[in-house]
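User: I would like to work through this model with you, beginning with how its helices pack. Please reason through each answer before you give it.

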Amino acid sequence: MKLVPSAMRWRLSAAIAVVSALVAVALSLLVRTEFSQTQLADARQLQDERIQLVVRDYALSGQAALGAELNAPNIPQELRDAIRGGNRATYLERGPGGSWIWAAAETDGKILSLRNPYTDRDDALSRLDRLLILGSVSVVVLSSVLGVAIGGRLSRRLRLAAAAARRVAEGDSSSRVGDAIGDRPKDEAADLARAVDAMADALRERLLAEQRVTADIAHELRTPVTGLVTAAELLPPSRPAELVRDRVRVLRALVEDILEVARLDTATEQAELSEISLGDFVRRRVGGVTPSAEVSVVSDTTVRTDPRRLERVLVNLLVNAAKHGAPPVEVTVDGSTVVVRDHGPGFSEELLKEGPSRFRTGSSDRGGGHGLGLTIAVAQVRVLGGKVEFANAGETGAQVTLTLPT
């Protein structure tokens, strides 16, 4: 079974990647800020200790040591303002020529200053930036790969569950969602699978109970209806007798249809396959059911199908077209496809959307009925392994397209 790419996998991966990127950026900024502040604090402390030594040595010898300068002309103005009044201070100067860490103190109306390069610390900060960027990118890539793996596994399990659920909806009673996705891991997908399987089992039991009731009722009606048919035939000729016989025949046909629907609902019917020429088969069967129908064979082909069931399908489609549509009824055979069209009011929107349903006619404009003819046709086509589609052809006319396996 081919599994199509899932949007959930990529959405989950994108979410993990975005969250990872935000966390990585936040941590990188925090680390960079702390490192930068620690570097600056260490540099200020070292420079302050140096200037203290310089001041003490100057007080003893009158000479500026450790490369210090006396009344240097290039002292930053901010530093001059900070040491005014006999204070001591440090200052970080950044400019086009580089970065410098200053320390200065005022003594005896003179300014002792010390300047050292800060470039090595800037280089260390730059190296840290590169490492943080590389680490952040690595974290985002690895988290994205992990997200794809996790999201892909979850998405695959959900798609397998959806496929199994569709098979259950199509009537495959042996399909189980839990078996499709496996028992491991015990996550929400497994809980969902168990819930869907439990719901499918409950619905299946309910449908089987309803089918048994329908079959039992139809079977129990068969004997008294047969007696009614026999009794009606014994009535003396009269108009009321004809009405009784007509209604009894309708009732008998209804009971037979219900029994057939009940058999088809069990999904145990098997087609007895044989090879037939579809065009010739349709032409002969249509002529026997609806002689006025127009048969057109575009291209004939040999199909392997059950002639009895195919005849049942054609009869039901033709009867439906003749009873609920309007002439002319057109039957077209093209390869393994048979199209039956009438020129009546067409199918209702409800039937086109949901398909035929028992005891519900497609449209009040198409006359009365029990809605079993098309239901039986669809079920028989399913046994044949074919496909049937309902549509409205143009402004007037219902069209049924039957496609058989070759």
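Helix packing and backbone details

User: How do α8 and α10 lie relative to each other, roughly parallel or roughly antiparallel?

Analyst: In this predicted model, local features need pLDDT of at least 70 and side-chain atom pairs pLDDT 80 or more, while totals for chains, interfaces and linings use all residues. Residues are numbered from 1 along each chain as its sequence is written, and side-chain values use heavy atoms, without hydrogens or water. The axes of α8 and of helix α10 (residues 372-384) come within 9 Å and cross at roughly 150 degrees, where axes are lines fitted to C-alpha atoms over the stretch in contact and angles run from 0 to 180 degrees between N-to-C directions. Because angles over 145 degrees count this way (under 35 is roughly parallel, 65 to 115 roughly perpendicular, the rest oblique), α8 and α10 are roughly antiparallel.

User: By class, which residues make up the contact of α8 with α10?

Analyst: From α8, Arg309, Leu310, Arg312, Val313, Asn316, Leu317 and Asn320 meet a set in α10 that includes Gly373, Leu374, Ile376, Ala377 and Gln380, contact meaning heavy atoms within 4.5 Å. With Ala, Val, Leu, Ile, Met, Phe, Trp, Tyr, Cys and Pro counted as nonpolar, Asp, Glu, Lys and Arg as charged, and the others, Gly among them, as polar, this contact has 9 nonpolar, 4 polar and 2 charged residues.

User: At roughly how many degrees do the axes of α7 and α8 cross?

Analyst: On the α7 side the contact is made by Leu278, Phe281, Val282, Arg285, Val286 and Val289, while α8 contributes residues including Pro307, Leu310 and Glu311. The residues of this contact divide into 11 nonpolar, no polar and 2 charged. The axes of helix α7 (residues 278-289) and α8 come within 10 Å and cross at roughly 50 degrees, which makes α7 oblique to α8.

User: Which residues does a cis peptide bond join?

Analyst: Pro328 is placed in the loop between α8 and β8 (330-334), the elements being DSSP runs numbered from the N terminus (helices H or I, at least four residues; strands E, at least two). There omega is about 0 degrees, and the cis peptide bond joins Pro327 and Pro328.

User: Near what value is phi of Leu66?

Analyst: Leu66 lies in the loop between α1 (7-61) and β1 (69-70). Its phi is positive in a residue other than glycine, with a value near 60 degrees.
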